[in-house]
Amino acid sequence: MLQGRAFSARFADDAVLAFSNEADVRKVMEVLPKRFARFGLTLHPTKTRLVRFRPHREQRAETFDFLGFTHYWGKSRHGRLIIKRKTAKDRFRRGLKRIAFWCRRKRHLPIREQHWLLRRKVQGHYAYYGIPGNMQSLQQFLYRVRLVWVKWLRRRSQRAYFSWAKADQLFQLLPLPAARIEQQC
């Protein structure tokens, strides 16, 4: 037994429960809070919700965001309906905003040092979001990171202009890592 420590309310998160029958969902939603309470846990009221997530031919199926990915229905290469994932829009924007803020604050570092640190940041993004089916989002992220970096390199000086030709030479000399799938699901 731990003494002298205060325990606050805890939330169990990062779970998706899928059911084929709506009646089963209703039963579980009644029982789940009671089961969690036995362990001192509660369901977060704004994060817990029911989503009708089945493919509909006549209307667009609902999507949902979970762990930074938007889950949606798509077709496999063989034409079967499968669940696909792509980077959630808010996470994409947040990651890009953080890169822009970093580039702004570090724009006066030597370019090679900026490149080395920026590579690490981009590789970290790929490590988490680099899942099969998310290549388009990764490529878009890389494209936007390049634009942001050039923007802040241009603002290093009031006199020296950093043209796109010079930026292309920079990317030839110091390339950022190409978008790639890091994880196999």
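**Aromatic contacts and the largest pocket**

Good morning. I begin with a contact between a charge and a ring: the charged end of Lys86 sits over the ring of Tyr72, at 5.3 Å from its centre. Please keep in mind throughout that this is a predicted model. A further contact of this kind involves Arg85, which lies over the face of Phe69, 5.7 Å from the ring centre.

Let me turn to rings that meet other rings. The structure contains 7 aromatic pairs, and I shall discuss two of them, beginning with Phe53 and Phe64. Their ring centres are 5.0 Å apart and their planes stand at 80 degrees, so this pair is classed as edge-to-face; the class requires an angle over 60 degrees. What does the pair tie together? Phe53 belongs to the loop between β2 (41-42) and β3 (64-66), whereas Phe64 is in strand β3 itself, so the contact ties together parts that are 11 residues apart in sequence.

As for burial, Phe53 has a relative accessible area of 18% and is therefore buried, given that the term applies under 20%. Phe64, with a relative accessible area of 15%, is buried as well. These two residues also belong to a cluster: Phe53, Phe64 and Trp73 form one aromatic cluster.

The second pair is Trp149 with Phe171. Here the arrangement is tilted, with 6.0 Å from centre to centre and 50 degrees between the planes. Trp149 is located in helix α4, residues 135-154, and Phe171 in helix α5, residues 164-173, so this pair ties together parts that are 22 residues apart in sequence. Are these two residues buried or exposed? Both Trp149 and Phe171 are buried.

I close with the largest pocket, which holds about 1400 Å³ of space. Its lining comprises 38 residues, and those closest to the pocket centre are Ala15, Val16, Leu17, Arg49 and Val51. Which elements give two or more residues to this lining? They are α1 (22-38), β3 and α2 (89-105). Of these, α1 gives the most to the lining, namely 7 residues. Strand β3, then, appears both in the pocket lining and as the element that holds Phe64 of the edge-to-face pair.

Finally, the composition of the lining: by class, there are 21 nonpolar, 6 polar and 11 charged residues around the largest pocket. Arg49, one of the residues closest to the pocket centre, counts as charged, while Ala15, Val16, Leu17 and Val51 count as nonpolar.

Thank you for your attention.

Key:
Residues are numbered from 1 along each chain as its sequence is written. This is a predicted model: local features need pLDDT of at least 70, side-chain atom pairs count only at pLDDT 80 or more; totals for chains, interfaces and linings use all residues. Side-chain values use heavy atoms; hydrogens and water are left out. Rings of Phe, Tyr and Trp (its six-membered ring) pair if their centres lie within 6.5 Å; planes under 30 degrees apart count as stacked, over 60 as edge-to-face and the rest as tilted. Helices (H or I, at least four residues) and strands (E, at least two) are DSSP runs, numbered from the N terminus. Buried means under 20% relative accessible area, exposed over 50%, partly exposed in between (1.4 Å probe, protein chains only). A charge sits over a ring if NZ of Lys or CZ of Arg is within 6 Å of the ring centre and within 35 degrees of the ring normal. On a 1 Å grid over the protein atoms alone, a cavity is a set of points where a 1.4 Å probe fits but cannot get out, and a pocket is an open set with protein on both sides within 12 Å along at least five of seven lines; lining residues have an atom within 4 Å of a point. Grid points are joined across faces, edges and corners, and a volume is the space filled by probe spheres set on the points.
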